[in-house]
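This report looks at how the helices and strands of one model are arranged. It takes the helix packing and the sheet in turn.

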Amino acid sequence: MRNSVLAVLVLSVAVGFGAQPPAKATTWDQIGSYLRLIQSAGIEAMVANDCPLGLFGAYHAGREVLLMCGNNIPDDPAVVWEVLAHESAHAMQVCKGGNLMPEELLAEEMEATIGRGADTFHELALYRSGRHHVEAEARVVQALPPQDVEALFIEHCGDRLEP
Ligand SMILES: [Zn+2]
């Protein structure tokens, strides 16, 4: 009896050790429900399997298509979520017809994002200066938890949602 309790304990410790920290984990369910929200605003979500190396996703404003690069994104919901949230931020910018936040607030949000250990802003040097603000906003959004991203989407694209 005592041995089997010990075995269960060892098993649960082993399982717990292998799992990702639950606080930060994004689930496929959350991804699915956010995708449905985006689609109900008239935005088409597509998966491409022939993207150029290094491209994770894109948003085509004219066609209102959000593209996810299946051949470059690892099969990890945390990464899929980041790509989806990032590209959806570009959709929000189109809904709003401009930047999501003014320069000063963006600077604060970037600081906060770096403070949470998600610094992807060094890559911004790759973008021409005109895209810098737009890309920085998308990087702030991709580091937010799903419920915050959903709330932002509803704030900016809510008037396009089907009742
Ligand atoms: Zn972007």
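Helix α2 (residues 28-39) and helix α6 (residues 146-157) pack at an angle of about 5 degrees, their axes lying 11 Å apart; helices here are DSSP runs of H or I with at least four residues, strands are runs of E with at least two, and both are numbered from the N terminus. Axes are lines fitted to C-alpha atoms, for helices over the stretch in contact, and the angles, taken between N-to-C directions, run from 0 to 180 degrees. α2 and α6 are therefore roughly parallel to each other, given that angles under 35 degrees count as roughly parallel, over 145 as roughly antiparallel, 65 to 115 as roughly perpendicular and the rest as oblique. From α2, the residues Gln-30, Tyr-34, Leu-37 and Ile-38 meet Pro-146, Val-149, Glu-150 and Phe-153 of α6, where contact requires C-beta atoms, placed from the backbone, to lie within 7 Å. This contact of α2 with α6 comprises six nonpolar, one polar and one charged residues; Ala, Val, Leu, Ile, Met, Phe, Trp, Tyr, Cys and Pro count as nonpolar, Asp, Glu, Lys and Arg as charged, and the others, Gly among them, as polar.

The model is predicted, and local features need pLDDT of at least 70, side-chain atom pairs count only at pLDDT 80 or more, and totals for chains, interfaces and linings use all residues. Residues are numbered from 1 along each chain as its sequence is written.

A second helix pair is formed by α4 and helix α5 (residues 129-142), which pack at an angle of about 40 degrees with axes 10 Å apart, and these two helices are therefore oblique to each other. The contact is made by Leu-106, Glu-109, Met-110 and Thr-113 of α4 together with His-133, Ala-136, Glu-137 and Val-140 of α5, and its residues divide into four nonpolar, two polar and two charged.

Two helices can be compared with their expected span, which is 1.5 Å times one less than the number of residues.

| Helix | Residues in helix | End-to-end C-alpha distance | Expected span |
|---|---|---|---|
| α3 | 20 residues | 28 Å | 28 Å |
| α4 (residues 103-115) | 13 residues | 18 Å | 18 Å |

Each of these helices is followed by a glycine with positive phi: Gly-97 takes about 75 degrees just after α3, and Gly-117 takes about 85 degrees just after α4.

The strands form an open sheet of three in the order β1-β3-β2, with mixed pairing, where two strands pair if DSSP finds at least two bridges between them. β1 and β2 are the edge strands, each pairing on one side only, and neighbouring strands are turned by 20 degrees against each other on average, direction ignored. Helix α3 (residues 77-96) packs on this sheet, touching β2 and β3, and its direction makes about 20 degrees with that of β2.

Strand β1 (residues 44-48) runs parallel to strand β3 (residues 65-69), to which five bridges join it; within β3, Val-65 is the bridge partner of Glu-44, and Cys-69 stands opposite Ala-48. Strand β2 (residues 57-60), by contrast, pairs with β3 in the antiparallel sense over four bridges, with Leu-66 of β3 as the bridge partner of Tyr-59. The hairpin of β2 and β3 has four residues between the strands, and in it Glu-64 takes a positive phi near 55 degrees.

Methods:
Contact = placed C-beta atoms within 7 Å.
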